[in-house]
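Welcome to a short set of exercises with worked solutions. Take a look at the picture below, then try each task before you read on.

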Amino acid sequence: MAQVSLRKIVKAYEGGVQAVKGIDLEIADHEFVVLVGPSGCGKSTTLRMIAGLEEITSGDIAIGGTVVNDIPPRDRDIAMVFQNYALYPHMSVYDNMAFGLMLRKFPKAEIDRRVKEAARILDITPLLDRKPKALSGGQRQRVAMGRAIVRDPKVFLFDEPLSNLDAKLRVQMRTEIKKVHQTVNTTTVYVTHDQVEAMTLADRVVVMNHGIIEQVGPPQELYHNPATKFVAGFIGSPSMNFIPAKLEQASGALRLQLPHDIVLDVPASRTARYQPHVGKNVLFGIRPEHLTDDKPTDKNNTVPLTLKPEVIEPMGMETLVHFKLDGTEVSARLDPATPASVGAPLSLIAHMDQMHLIDPTSDKVL
Amino acid sequence: MASATSTIGADQARVGSLQRFARRRSSIAFLMALPLLIVVGGLIAYPAAFGIYLSMLNRRMTAFVGFANYEILFESDTFWDVVFQSCFFAITAVLLKALIGFWLAHMLHGIPDKGQRKWRGMLLVPWVIPPALSTLGWWWMFDPSYSSINWLLSIISVPEIPWLGQPWWARISIIIVNVWIGAPFFMIMYLAALKSVPEQLYEAAAIDGATGWQRLRYVTIPMMANIISITVLFSLIVTFANYDIVRVLTNGGPRDLTHVFASYAFQVGILAGNIPRGAAVSLFMMPVLAICAFFVLRGVTRRNKEQM
Amino acid sequence: MSATTNRDLPGIYHKAGSLRAERRWALWSAYASLSVAALIFLAPPFYMLITSLKTSGEIANMSGNPWIVREPTLENYWAILENPLFLKFFVNSAIVTACVVALTMVISVLAAFALARMRFWGSQVLATGVFLTYLVPDTLLFIPLYQIVGGLGLLNSVWGLILVYPTLTVPFCTWIMIGYFASIPKELDEAALIDGATWPQMLIKIFIPVALPGIIAATIFAFTVSWAAFVYPTAFVTTPDQMPLTIGVVSQLVRADTFAWGQIMAGALMAALPPVIIYAFLMDYYIAGLTAGATKG
C-alpha cells in the first residue's frame, strides 16, 4: 500500500537556481509512472528527492500517506536502481542483494529465501556467487533490480536504468522491467530521457521541462492530445512538424494558409474549437506519420499537397522524407514503395483529423 | 524521525529539523577529521609558527632580539656558502634527475609490456632503500683509501679522484648520490604519465607525418607538461630540504663547504646548541619552498580539473 | 601490423622494411640504456652485499678487484645479529613504525572519508591545507619540534618519535585516500544509504573494502617513510638504546677509529630489508602509492 504524493515541491540550489519549480503529482498504489524530459529538466532531482538523496527546499513528499521530508533514505522503505547500477564491487551478487536486508537485521533464512526468489524471477540464479566485475551490462542491470526486489519496498525508483546498455539490450531489459513490475506490482517511479521507454513502460507519463510538469497522462493520451508544444514535440519520433501558418475563415469552413501559398482545409469537426482564433498566426503541428503518400484507403479529412524532397532516408519498413518549407524542416513518413527522389515534386496528403494548432506565444495547444 | 507525521504546512518545524539533520552530519564529519586537524595544527602549523618566534630569540632564549639572528647570518661567509651550495645542489640534482628519469621512462615505455615490470622493478631499487642506509654504501664506495669507484676508473686509466676530500668533488658526490636515489622516482612518475597519453594521439600524429622526435616534441611533452612540472617542483622542495645525504656523506665538510640549509641548521641549532639561530637558518628555506608549493598546488588543481 | 603486410606484399611495401629497422634500432637502444641504468642503479647495493660477505682482512687488502669476494663469509651477519645494540635498534624501529602506521591509517582514513564524502564547513580548505602540509619538509620543522618534544620530556624516547612521525605520513596518506575515496562513484554511497547503511557502516562495509588498493598503497607509504625517517631521530635521540635503525646504523656502528665495514654494510643491508621485501611483494601497490600524489586526488 503505497501511493506517493508530491505537493508543491521546489528544489533550489545555492545561488537561487531552481531545478524543480513547485510540482504537484499524485502516484497511485501499484502504478508505474515515468518521468521523462530532456536533461536538466528536473526529473532526476525529483526522483532523488523522493529517495531522500536530495533535500527538499519547500513542499512535501508523502509515501504511503506519511510525510517523509525529514526521514533519511534508509527509513523511507524505498529501493532504487541507478544508471550505473552502483553494485558494490567487492561483494558477490548474492551479498549485493542481501546487503540491505542484512543491515536491517533480517534473519539469515529469510534473507536467503528472498534473494533466491528474486534471483529466480530475474533468472540470475547461476550468477549468485560472481562478483559484479564478472557480469555483462545486462546481468548487472538484473542484479541491480534484484537488489531492489529483495527489499520488497513500498516504492521502486529507477534512475535512467537503461542508459548504459546498448540499443538491443535496452529493448530486452525494457520488456524485462515491465514483466517484473507485472509480477511484483510495486509502485514504481521511473526516470528516463527516452520517450520510447516512457511510452512503452508507463501507466502514466509525466513530461517535465525546465523544472515544471508540462503534462501528465497515459501514453496514448500524450500522443494524441498533447497539451503544449513541448509535449507535442517531445513525444513521438521523428518529432512533430511545426509549420507557421495563418488561420483564416473561408465560406463557413476554416482553412490554414501555409508558406508557398499552400492552403489546407481544417476539418469541420474542429471548426467550433478553432473559431475564436481566426485571423491569428498559429503553428500548424502534424506528425510525420500523418503526412503520408497519396494513396490512402480512407480519404476522409485529408488534404493533398506537393513538396520537393531534400533528403530521403529509407528505413526499411518506411521511408523518411525531409522537406524544407520557408526555413522550416518538415518530414513525412512514406511507404517504402513510393518512388521519391531529391528535388522532384512529390504529392502527399495531410491527415487533418490528426492536426494540432499551437499558439506561438503561449506554446499551448489550442 | 518523530516529525515523520508532521502535517503539511508545518514549515518552520521542518526547516528546523532539516538543519538539525545537516548539522548532525557535519558534526560527525568534523569529529572524523579532528585527529587530522590536531596533527596538521599541532605538529605542523604550530611548530612552523613557533619556529618563526624561536628564530627571534637570543641564544639562551631569554630575550626577544627581532631579526638579529638573521642579520648575523647575513654577515657570515659560511651562511652564503650554504645558500650557494643549497641552490647549486638542488637545481643541478633536480635537472639531472628529471632528464635521466625522462629518458629512462621513455626507454621503458618503448619495450614490450611484459618486460617492463621486471626492468621497472630493478630500476626502482635505489628509491626503495632508506636513503641514510644507501648513502652509507656510497660513502664506503667513495672511501679515500678503498674507493671501489676509483678502482673501476683506474681500469680506464682515470687518476684517483678525491671524492669527499676536495670541496668540488664532494659537491659532485652529493649530487651523484641524490640523483641515484631520486632518478627512479622521476622515471616512475613519467612512465605513469606516458602510459596515460592515449595511443590514438600518436597514431594520429604518425598519420599526420610526424617523425619520432616530432611526436615527442608535439604530443608527448605537451601532454605531460603538467606532471613534469609537478614532479620537478615537488622534487625541488625535497632536494632543497635534503639532510640525509649530506649528513652521512660529508657532514658538511670539507671546511663547511658542502652544508645545505638543513645540515647547517642542524649543526647550528642542535649540535652547537644555538636553537634560535638554527631556526633562522632553516626558515630561509621557506620562501623557495612556498613558491614551489604554490606552483605544485596550482598544477595539481589544474590536473584534477582536466581529469574531470 | 605493418610487419605482416610487409611479409604478404614485399614488392609494394618495401618501405616498411626501413620502418622495421627503425623499430629494431629503437628497441636496441632502449635495452642498452636500461642495462646501463640498471648496472649503475644496482651497483651500490651490490657492492654493499659484496663487502658484507668479506672478512676484515679481505676488505683491508687493497690489491685486486674490490667488486668480487674471494672467501665469502657470513661472519659479519652473525656478528651484527649478536650485537644487542643492533637488535635494540631493530625493535625500536619496529615499535615506532607499527605505531605510526596504525595511527596514520586511522587518522587519514577517517579524515579522508569525512573530507571526500561528508562535506562540512571548511572541508575544502582543509583538503587543500592537507596537501600543503605534505609539502612542508621535516627539515623546516625539526628545530621547533625539538623544543616542543623537549618540553614534553620526550627527547631520547621512541614515544617522542611516535608523536612526530605522523607529520611525515598523515598529510600524504590523507591526500591519496581522499583521491581514492573520491573516485568511488557517488551512486555507491547513495545505494548504501538507501540500503540502510549509517555513515560508519558505509565507511567500514563499502568504502574501506572498495578502496582497499588505496589503503594498501597508503599503508606501504607510511611504513617506508617511518622506517626510513632520519632527520627526527637524528635530532631527537642521542641515547643509543632508543635509536631506530637508520640513525643507529649510521651513528653507532660507524665508530670513528675502527671502521668495521663488513659489519656496517651487513647492518645497513639488514636494516634496509623490510622496505625492500615489502616492495618486492607489493610492487604494484607501492608504485600506485608513489604516483598517486599527482595522478589522484
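**Exercise 1.** Which are the buried residues of α2(A)?

*Solution.* Before we start, some ground rules. This is a predicted model, in which local features need pLDDT of at least 70 and side-chain atom pairs count only at pLDDT 80 or more, while totals for chains, interfaces and linings use all residues. Residues are numbered from 1 along each chain as its sequence is written, and chains are lettered from A and ligands numbered from 1 in the order in which they are written.

Step 1: get the terms straight. Helices (H or I, at least four residues) and strands (E, at least two) are DSSP runs, numbered from the N terminus. A residue is buried if 20 or more other C-beta atoms lie within 10 Å of its own, exposed if 12 or fewer, and partly exposed in between, with C-beta atoms placed from the backbone.

Step 2: read off the residues. They are Val93(A), Tyr94(A), Asn96(A), Met97(A), Ala98(A), Phe99(A), Gly100(A) and Leu101(A).

Step 3: draw the conclusion. Helix α2 of chain A covers residues 93-103, and eight of its eleven residues are buried, so it is largely enclosed by the rest of the structure.

Step 4: find the neighbours. The buried residues of α2(A) pack against α3 (108-122) and α4 (137-151) of chain A, together with α10 (186-195) of chain C.

Step 5: look just past the helix. There, Lys105(A) takes a positive phi of about 60°.

**Exercise 2.** Work out the strand order and the edges of the open sheet of three strands in chain A.

*Solution.* Step 1: the order is β17-β18-β19, with antiparallel pairing. Two strands pair if DSSP finds at least two bridges between them.

Step 2: β17 (309-314) and β19 (328-334) of chain A are the edge strands, each pairing on one side only.

Step 3: from one strand to the next, the twist averages 20°. Here axes are lines fitted to C-alpha atoms, for helices over the stretch in contact, and angles run from 0 to 180 degrees between N-to-C directions.

Step 4: zoom in on one pair. Strand β18(A), residues 319-325, is joined to β19(A) by seven bridges, and Leu320(A) has Arg333(A) as its bridge partner in β19(A).

**Exercise 3.** Now do likewise for the open sheet of five strands in chain A.

*Solution.* Step 1: its order is β13-β12-β11-β14-β21, again with antiparallel pairing.

Step 2: at the edges stand β13 (263-265) and β21 (356-358) of chain A, each with a single partner strand, so one side of each is left without a neighbour in the sheet.

Step 3: the twist in this sheet averages 40° from one strand to the next.

Step 4: three bridges join β14(A), residues 281-286, to β21(A). In β21(A), Leu357(A) is the bridge partner of Phe284(A).

**Exercise 4.** Describe the make-up and spread of chain B.

*Solution.* Step 1: chain B has 14 helices and zero strands.

Step 2: its radius of gyration (taken over C-alpha atoms) is compared with the globule rule, 2.2 Å times the number of residues to the power 0.38. The value for chain B is 26 Å, well over the 19 Å that the rule gives for 308 residues, so chain B is more spread out than a compact globule.

Step 3: along its principal axes, the C-alpha trace of chain B spans about 95 × 75 × 30 Å.

Step 4: buried residues make up 43% of chain B.

Technical notes:
Two residues are in contact if their C-beta atoms, placed from the backbone, lie within 7 Å.
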